[in-house]
Amino acid sequence: MDGGQGKMIVVSNAEPYKHESRDDGKTVCKEVEGGLTTAMNPQMRETGGVWIAYGRGDRDAEVVNSEGEVSVPDFPDVPEDKRYTLKRLDFSPERYDKFYRGYANRVLWPIFHSFPSKADLEREGEYWAEGYLPCNREYARAVVEAYEPGDTVWVHDYHLALVPKLVRDEVPDAKIGVFWHIPWPPWENFGKVPHRRRILEGLAAADLMGLHLEKYANNLLRCAGGCGARFDLDSNSFKLGEEEIQVEAYPLGVDFEFFNETETDGEELDIRKMYKDKKLVLGVDRQDYTKGIPERIRAFKKFLRKNPTYQEKIAMVQRTPTSRTEISEYQKEKNEINRGVSEFNGNFGNHDWTPISLFWQGIPQKKLIAEYRAADVGLVTPGLDGMNLVSKEFIAANEEPKVLILSEFAGSSEQLDEAIHVNPYDSDQVAGAIKKAIEMPEGEKKERWEELRRKVKTEDLSSWAENFLGDLDRAHRLHSMAEFAPFAQEAGEKQVMRRN
Ligand code: GDG
């Protein structure tokens, strides 16, 4: 990864590690589950630099210095040159609540995932003024403090849309890139957000913005148009006020080698034994209403009802580390899932067979890889997902052919054609896909799997980072030389930045 001559400054709300105090008084360092951290952590371990994030672990776990910094990961087996600086920010509980639970997750998240009915637009102004704006200012201040000439600033995700402009105001010539991890919705949804123009002004001050898919980039450009920007779908850029930005698609990949090669010491066999060698269908998702977990469970039940010969021969494992428990929608969904699963297991299961095993805890990555390897079928059926890394990790972790059932609304379905694609809301279709997956002839399974593995291996995490950072260098150079002028058609000088 080329971070230019200076250092890399990553900024995101999610932190890659948290520290917690145990009862014996010792402090433990834990990975934080989530797509953004899975993607950026290996990058930072390679390049070093500073990662600025909100500290969500125990406040009394005294690991940071007076600047709020700690070198991570502080696992004993990790050498110094594979660590980097994590700088933790702290906010008052009220402010953080309005920023994180309020603006980020009760306004932007539902709107951007096309669940406008779950958005609290009534309080948007309050969440903005008392949470989103002040917290984005704090993040930007931390970036400016860490910044030295030549550094690369890489801003991540929807929590921090205002940071590029706030940093640009202080450091006009900084190299700033943004990566957006969630979908960008059509104007009909985005346009509902009262501070829509301010969000776009915040982003437009970066040199380059990346999203997972071309269709999200096009939605963003059209939304910019809706807010009065000039936009161009050929050069993939828009101009709002004085700021011009390039917008491109970079489908995020996974660290193929890591998932392929991690040694699990045969733990997958123990897992299979635990489930009495039945066919295993696996779902793994951070808990979220966008992940389609209740619908998935309903489809699995339908499959068992329609195919009684498979009763006692198949089991579903659903691993769902809880997240955002402070938001009532998440609590409600958790209760609904618990009820549905225990009722079904009670009615269908017996002392030898639990049809659905549900886990609300996260497990270390190595154990997760063993779970991926123990499964016969990966069942990944989000209602809408920017990319979905689980689908790619399942492929990378399994050398032996498996079958992936994938929602057509997961961003990854654009690349992973050889999966069985389903509409997650059509439970008959998903039930049929489970049957097809289990009965798929070995030859077809192998052929599809090899192609899926080839794609996930080629379009991996490091090629994603290289493409993004290479383009960021170019966009920044063009901006610095004032040559980035996609809207200079009048002068016949249209400048389109393209990768060579
Ligand atoms: C956002 C976007 C986009 C899950 N359980 C455990 C565990 N995980 C890890 C998985 C995977 C990550 O969490 C989840 O990533 P996803 O991509 O599936 O979903 P989001 O968290 O919603 O991520 C998404 C992503 O950002 C990246 O841009 O793809 O669309 O919503 O890496 O492995 N990890 C461990 N234990 C668990 O129990 N260690």
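1. Before the walk-through, one definition helps: two strands are counted as paired if DSSP finds at least two bridges between them. By that test strand 14 (residues 314–319) and strand 15 are partners, with 4 bridges joining them in a parallel arrangement. One of the positions to look up is M316, whose bridge partner in strand 15 is I356. Please keep in mind throughout that this is a predicted model.

2. That pair belongs to an open sheet of 6 strands, and the order across it is 15-14-13-16-17-18, with parallel pairing. At the edges sit strand 15 (356–359) and strand 18 (420–422), each of them pairing on one side only. On average, neighbouring strands in this sheet are turned by 20° against each other, if direction is ignored.

3. You may like to look next at helix 12 (residues 365–374). Helix 12 lies across strand 13 (279–284) and strand 14, and runs at about 140° to strand 13.

4. The other sheet to look at is an open one of 10 strands, in the order 5-6-4-1-7-8-9-12-11-10, and here the pairing is mixed. Its edge strands are strand 5 (69–72) and strand 10 (230–232), which pair on one side only. Neighbours in this sheet are also turned by 20° against each other on average, again with direction ignored.

5. Within the 10-strand sheet, strand 8 (residues 175–179) and strand 9 (residues 208–211) run parallel and are joined by 3 bridges. A good place to find this pairing on screen is F179, which has G210 as its bridge partner in strand 9.

6. Helix 1 is worth a look against this sheet. The strands it lies across are strand 1 (8–11), strand 4 (50–54), strand 6 (84–89) and strand 7 (152–156), and its direction makes an angle of about 150° with strand 4.

7. Now to the ligand. Which of the 28 residues around the ligand come nearest? They are T38, H181, I363, D385 and E393. By type, the shell divides into 12 nonpolar, 9 polar and 7 charged residues.

8. Several polar atoms face oxygen atoms of the ligand, and three distances are worth checking yourself. A polar side-chain atom of D385 lies 2.5 Å from a ligand oxygen, and a polar side-chain atom of K291 is 2.9 Å from an oxygen atom of the ligand. For N388 the polar atom belongs to the backbone, and it lies 2.9 Å from a ligand oxygen. On its own the ligand has 730 Å² of accessible area, of which the protein covers 96%. Helix 1 (35–47), helix 12 and helix 13 (389–397) are the elements that give two or more residues to the shell around the ligand.

9. Two backbone details deserve a friendly flag. The peptide bond from V72 to P73 is cis, with omega near -10°; P73 is in the loop between strand 5 and strand 6. D277 has a positive phi of about 55° although it is not a glycine, and its place is the loop between helix 9 (267–274) and strand 13.

Conventions:
Residues are numbered from 1 along each chain as its sequence is written. This is a predicted model: local features need pLDDT of at least 70, side-chain atom pairs count only at pLDDT 80 or more; totals for chains, interfaces and linings use all residues. Side-chain values use heavy atoms; hydrogens and water are left out. Axes are lines fitted to C-alpha atoms, for helices over the stretch in contact, and angles run from 0 to 180 degrees between N-to-C directions. Contact means heavy atoms within 4.5 Å. A residue is near a molecule or strand if one of its heavy atoms lies within 4 Å of it. A polar contact is a pair of N or O atoms within 3.5 Å; within protein, one must be able to donate a hydrogen and the other to accept it, and residues adjacent in sequence count only if both atoms are side-chain atoms. Accessible areas come from the Shrake-Rupley method with a 1.4 Å probe; for residues, only the protein chains shown count as cover. Ala, Val, Leu, Ile, Met, Phe, Trp, Tyr, Cys and Pro count as nonpolar, Asp, Glu, Lys and Arg as charged, and the others, Gly among them, as polar.
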